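Biologist: I have the sequence and the fold open side by side, and I'd love a guided look. Could you take my questions one at a time?

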Amino acid sequence: MWDDIVATPIPAGKMVLWGVGGPSIVLRTAHTTILVDPFLGQGVKQGWERAIPIPFPPEAIHSVDAVLSSHHHLDHCHEPTLRPILERT
């Protein structure tokens with residue numbers, strides 16, 4: 001799915017959003033890709049389950065301009081998701 005997102009042409013002056021499960025959103029314009037609250041992991045504590053399957057592993061992300069985490073909860077600022085993104089971008 002990540003490859004499809006970054007391959008989608010976005011006309012100048014337009015913005016496209018993809019909901020990728022939980023709080024996670026990919027926002028793209030013609031020149032910018034932003035991840036908002038990326039959470040690409042399983043449940044973060046016992047009794048908590050992810051309702052939507054993980055659409056792609058964080059290791060698939062090879063180009064992103066910014067990552068925004070709205071607040072410090074595990075499903076909004078998830079180190080196992082953020083670390084591979086930081087290492088590859």
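Modeller: Happy to, and please keep in mind that this is a predicted model. A good place to start is Val-36, which stands opposite Leu-68 in strand 4.

Biologist: Then in which sense do strand 3 and strand 4 pair, parallel or antiparallel?

Modeller: Strand 3 covers residues 33-36, and strand 4 covers 66-68. The two are linked over 3 bridges, and the sense of their pairing is parallel.

Biologist: Thanks! What joins strand 2 to strand 3?

Modeller: Strand 2 (residues 25-28) and strand 3 pair in the antiparallel sense over 4 bridges, and one of the partnerships is Arg-28 with Thr-33. The connection between these two strands runs through 4 residues, and it is a hairpin.

Biologist: And in what order do the strands of the sheet lie?

Modeller: Let's build it up pair by pair. Strand 1 pairs with strand 2 in the antiparallel sense over 4 bridges, with Leu-17 opposite Leu-27. Strand 2 pairs with strand 3, and strand 3 pairs with strand 4. That gives an open sheet of mixed pairing, with the order 1-2-3-4.

Biologist: Which strands are the edge strands?

Modeller: An edge strand here pairs on one side only. In this sheet, where neighbouring strands are turned by 20 degrees against each other on average, direction ignored, the edges are strand 1 (16-19) and strand 4 (66-68).

Biologist: Now to Thr-81: is this residue buried or exposed?

Modeller: Thr-81 sits in helix 2 (residues 79-88). Buried means a relative accessible area under 20%. Thr-81 has a value of 0%, so this residue is buried.

Biologist: Which backbone nitrogen does the side chain of Thr-81 reach?

Modeller: Beyond its neighbours within four places in sequence, Thr-81 is in contact with Pro-38, Phe-39, Leu-40, Gly-41 and Pro-58. Its side chain also makes a polar contact with the side chain of His-78, at 2.7 Å. The backbone nitrogen it reaches, at 2.9 Å, belongs to Leu-40.

Biologist: Last one, about Pro-9: is it buried or exposed?

Modeller: Pro-9 lies in the loop between helix 1 (2-7) and strand 1. Pro-9 and Thr-29 are 20 residues apart in sequence, with 8.8 Å between their C-alpha atoms. The cut-off for exposed is over 50%. Pro-9 has a relative accessibility of 71%, so it counts as exposed.

Key:
Residues are numbered from 1 along each chain as its sequence is written. This is a predicted model: local features need pLDDT of at least 70, side-chain atom pairs count only at pLDDT 80 or more; totals for chains, interfaces and linings use all residues. Side-chain values use heavy atoms; hydrogens and water are left out. Buried means under 20% relative accessible area, exposed over 50%, partly exposed in between (1.4 Å probe, protein chains only). A polar contact is a pair of N or O atoms within 3.5 Å; within protein, one must be able to donate a hydrogen and the other to accept it, and residues adjacent in sequence count only if both atoms are side-chain atoms. Contact means heavy atoms within 4.5 Å. Two strands pair if DSSP finds at least two bridges between them. Axes are lines fitted to C-alpha atoms, for helices over the stretch in contact, and angles run from 0 to 180 degrees between N-to-C directions.
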